[in-house]
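Okay, thanks for making time, everyone. Let me put the structure up and we'll walk through it together.

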Amino acid sequence: MASVLLVEDDHVVRGAMLRSLTDRGHAVHAVGTALDALRRVAAETPDLVVLDLGLPDLDGSDALRMLRGITDVPIIIATARDDEQSVVKLLRAGADDYMVKPFTGAHLDARITTVLRRAGRASRSVQPAVHSVGGLRVDVGERSAQLDGVPLALTRKEFDLLAYLAARPGRVVSRRELLEEVWRQPSVGEDQTIDVHLYWLRRKMGESAAKPRYLRTVRGVGFRLVAPD
C-alpha cells in the first residue's frame, strides 16, 4: 500500500481515480488545485503524487517545478498531451513518469507500483553520506547539519543546497547546475530562489556574502563551499 496524493480538478475523474486506487489498497488524498497540492506535500509527504496538468489555478508544468522545489517524491503526470516535445519537457522538469488520458485504474496502479519499485531500488543503491568541511558536518542519511558541533535548523531546501555543495568541496558550482540538480528546474531565467536560500543559509551559518567563511560567491560563475582559512 502506498500513500498517494491525487491532484485532479475534474471531480468526476477525481472520484473515479480515488475509488479505484483505494480499492487497490492505497491510502489516497485527493485535491483539486496546485496550491492545495503544495500545502499537502509540505505538511505531509506522500509516497507518490499523481499530477494532472489542467489545473484551475496553475498550469501543471509550473506546479511540477514548484513541487520539485520542496520534495523528491516520485511524480506521475496525468495528461492529455501526448506530443513528444511536451513529454520530454515534463520529464526534464522532474516527472518520473507520465500517462496519457484516458487510462484505467489498473493501468495507473501498475505505473504506481513500477515507479515506487524503481525509486526504492535507487534509494537502496545509494549509501547515505556524511560530508565534513572544516567545522561543518552534513549527514545526508539523517538530513542533519552541524557547524562546530551546533545543530543548524535548516529548511528542506536549505539542507539540500548545503548538502549538494558540501559533497563538492572547493568546486565551483554554477547557478544552472544548482537549479537543475537541487531544484529540478531546467533553466535559471530570472529566478532568484538560489540567492534567497543562500542568504538564509549564510545567516544561519553566521556569515554573509560580504564576509563569507564557508559559502563563497564566484562572481559571474557560481558558488563553492570551502573550509575557512
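So, to start: over the ring of which residue does the charged end of Arg-168 sit? That's Tyr-164, and the distance from the charged end to the ring centre is 3.5 Å. Keep in mind as we go that this is a predicted model.

While we're on rings: if you search the whole structure for aromatic pairs, you get one. That pair is Tyr-199 with Trp-200, arranged edge-to-face, with 5.3 Å between the centres and 80 degrees between the planes. Tyr-199 has a relative accessible area of 45%, so we call it partly exposed. Trp-200 comes out at 40%, and that counts as partly exposed too.

Now the sheets. Let's take the five-stranded one: it's open, the pairing is parallel, and the order reads E2-E1-E3-E4-E5. Strand E2, residues 27–31, and strand E5, residues 97–100, each have a single partner strand, so they stand at the edges with one side lacking a neighbour in the sheet. From one strand to the next, the twist averages 20 degrees. If you look at E4, residues 75–79, you'll find four bridges joining it to E5, running parallel. Within that pairing, Ile-77 is opposite Tyr-98 of E5. And packing on this sheet we have helix H3, residues 60–68, which touches E3 and E4 and points at about 155 degrees to the direction of E3.

Next, the three-stranded sheet. This one is open as well, but antiparallel, ordered E10-E12-E11. Its edges are E10, residues 173–174, and E11, residues 215–218; each pairs with a single strand, so each has one side left free of a sheet neighbour. E11 and E12 run antiparallel and are joined by four bridges, and there Thr-217 faces Phe-223 in E12. Helix H8, residues 193–204, packs on this sheet against E11 and E12, at about 145 degrees to E11. Then there's helix H6, residues 156–166, lying across E10, E11 and E12 at about 75 degrees to E12.

Last stop, Val-133, which is in strand E6, residues 130–133. Is Val-133 buried or exposed? Its relative accessibility is 6%, so it counts as buried. What does it touch, leaving aside neighbours within four places in sequence? Val-133 contacts Ala-166, Pro-169, Tyr-214, Leu-225, Val-226 and Ala-227. And Leu-215, 82 residues away in sequence, has its C-alpha 11 Å from that of Val-133.

That's my tour. Happy to rotate the view if anybody wants another look.

Note on methods: Residues are numbered from 1 along each chain as its sequence is written. This is a predicted model: local features need pLDDT of at least 70, side-chain atom pairs count only at pLDDT 80 or more; totals for chains, interfaces and linings use all residues. Side-chain values use heavy atoms; hydrogens and water are left out. Helices (H or I, at least four residues) and strands (E, at least two) are DSSP runs, numbered from the N terminus. Buried means under 20% relative accessible area, exposed over 50%, partly exposed in between (1.4 Å probe, protein chains only). Contact means heavy atoms within 4.5 Å. Two strands pair if DSSP finds at least two bridges between them. Axes are lines fitted to C-alpha atoms, for helices over the stretch in contact, and angles run from 0 to 180 degrees between N-to-C directions. Rings of Phe, Tyr and Trp (its six-membered ring) pair if their centres lie within 6.5 Å; planes under 30 degrees apart count as stacked, over 60 as edge-to-face and the rest as tilted. A charge sits over a ring if NZ of Lys or CZ of Arg is within 6 Å of the ring centre and within 35 degrees of the ring normal.
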